[in-house]
Amino acid sequence: MTPDQKFARYVRLSLVGFILVFLYYVIADIWLPVTPQARVYHPVVQISPQISGRVTKVLVSNNQPVKAGNILFEIDKSTYLLAVEQAKLTLDDAKLQNKRLDTNVKALEAQISAAKAKQHEQSLLKSRGEKLYKQNSISEQELESIRANFAASKSNVAAFEAQLAEAVLARGTSGEDNLALRHGANQLAQAELNLSYTQVRALSDGVVANLQLLDGAYALSGQPLLAIVAKKADLVADFREKSLLNMHPGSLAKVVFDSRPGEVYDAKISTFEAGVSDGQLSANGLLSTTETSNRWVRDAQRQRIHLQLLKNDQALIANMPSGARATVQLLPESKFGQWLGASQIRFISWLHYIY
């Protein structure tokens, strides 16, 4: 065989090999989809104080495991201790004011009793005066004076009763349902709550991450100062849309982690992501923006799926750092396809020893 014939043979073999690889890629992308775009994500809880103040003590260190309820750092308590004391004084003042109002109510009740006795006396004088007037024993002027005194006594009773009603309204209900006491108790509870916020605690189990907080820093309410990476983990993978054509929740998968080369883990699809950020519209009052591309064939859109490891391996990713990379192989329902997919991902796992 001449050199030209050998070269032509090599070219034909290369073309055949290229066509076979291309066909395998096209078929596998639909029936045996695989992606290196997979990560382990941990929920990250940003810790923000609910009050403002100077940080007096940081009680945790970077990458330290913490439990829910552990104190992370403390804020200066002096201002909030004064607020609690002021709230207690306000509550005591409300109790004292209620005692004053009770005394005022009793005094008005006594005045009303005296005024009613006076009214009764004036009523008797009025009746006696009218009889004497009919007997021409007193003058009309004296009778009018008696009647005026009776009317004044009635007005005096009415005035005291109005003052009593106002005093009772100002006093409010007795006991713990009293409005002034409730206001004072509410202020005290709020002050004590703010005082408890001077100890910033972890709300969930996890690991302190990227701690930059030092004693003496000024904490602002609502501003994150550190983060806690939760132990709960989520394995997600991004596939081209057409690669998920034959997949559904419950479909089997194989997973290889970059940090554990040579090891293949069984998994299944738990859920499909509802959408991606490219498909989100916001009501910003602007006109719509059209998509533009100079490419004849645009980039394929990727969709995200969530996976769950089988055989009690879910605890494995809980101990992996957030952002750990993985490669995911989805498996068809056919036995041959599953064998071929398992072989493909096994080969990829061996490659992780190299890269």
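Below, a trainee and a mentor talk through a predicted model of a protein chain.

Trainee: Let's begin with the overall build. What radius of gyration does the protein chain have?
Mentor: Start with the extent of the C-alpha trace, which spans about 165 × 45 × 40 Å along its principal axes. A compact globule of 355 residues would have a radius of gyration near 20 Å. Set against that, the value for the protein chain is 43 Å.

Trainee: How many helices and strands does the secondary structure come to?
Mentor: Before the count, here is some background on the chain. Buried residues make up 30% of its 355 residues, and of the contacts between residues at least 6 apart in sequence, 80% join residues at least 24 apart. The secondary structure comes to 6 helices and 14 strands.

Trainee: Now the helices. Are H2 and H4 roughly parallel or roughly antiparallel to each other?
Mentor: Helix H2 covers residues 78-134 and helix H4 residues 179-196, and their axes lie 8 Å apart. They pack at an angle of about 170 degrees, and angles over 145 degrees count as roughly antiparallel. The relation between H2 and H4 is therefore roughly antiparallel.

Trainee: How many nonpolar residues are there in the contact of H2 with H4?
Mentor: On the H2 side the contact includes Tyr-80, Leu-81, Val-84 and Leu-91, and on the H4 side Leu-181, Ala-185, Leu-188 and Leu-195 are among the residues. Lys-88 and Lys-95 of H2 also take part, as does Glu-192 of H4. The contact residues divide into 5 polar, 3 charged and, for the class you asked about, 13 nonpolar.

Trainee: Turning to strand E5, which residue is the bridge partner of Ile-71 in E6?
Mentor: Strand E5, residues 71-75, is mostly covered, with 4 of its 5 residues buried. With strand E3 (residues 53-58) E5 pairs in the antiparallel sense over 3 bridges, and there Val-58 has Phe-73 as its partner. E5 also pairs in the antiparallel sense with strand E6 (residues 199-201), over 3 bridges. In E6, the partner of Ile-71 is Arg-201.

Trainee: And E7: which residue in E9 stands opposite Ala-209?
Mentor: Strand E7 (residues 206-209) runs antiparallel to strand E4 (residues 65-66), joined by 2 bridges, with Pro-65 opposite Val-207. E7 also pairs in the antiparallel sense with strand E9 (residues 226-230), over 4 bridges. Opposite Ala-209 in E9 stands Ala-227.

Trainee: I'd like to look at the barrel too. By how many degrees are its neighbouring strands turned against each other on average?
Mentor: The closed barrel has 6 strands, runs E1-E10-E13-E12-E11-E14 and shows antiparallel pairing. Within the barrel, 4 bridges join E11 (residues 252-257) to E12 (residues 265-272), and Val-255 stands opposite Tyr-265. Across the sheet in this barrel, the average turn between neighbouring strands, direction ignored, is 45 degrees.

Trainee: One last residue: is Leu-310 buried, partly exposed or exposed?
Mentor: Leu-310 sits in the loop between strand E13 (302-309) and helix H5 (314-318). Not counting residues up to four places away in sequence, Leu-310 touches Leu-252, Asp-266, Ala-267 and Lys-268. Buried would need under 20% relative accessible area and exposed over 50%. Because its relative accessibility is 26%, Leu-310 counts as partly exposed.

Trainee: How far apart in space are Leu-310 and Leu-72?
Mentor: Leu-310 lies in the loop between E13 and H5. In sequence, 238 residues separate Leu-310 from Leu-72. In space, C-alpha to C-alpha, the distance between Leu-310 and Leu-72 is 35 Å.

Conventions: Residues numbered from 1 in each chain as written. Predicted model: local features only at pLDDT ≥ 70, side-chain atom pairs only at ≥ 80, totals over all residues. Heavy atoms only, no water. Buried < 20%, exposed > 50% of the residue type's maximum accessible area, 1.4 Å probe, protein only. Pairing = 2+ DSSP bridges. Axes fitted to C-alpha atoms, helices over the stretch in contact; angles between N-to-C directions. Parallel < 35°, antiparallel > 145°, perpendicular 65-115°, else oblique. Contact = heavy atoms within 4.5 Å. Nonpolar A, V, L, I, M, F, W, Y, C, P; charged D, E, K, R; others polar. Rg over C-alpha atoms; globule rule 2.2 N^0.38 Å.
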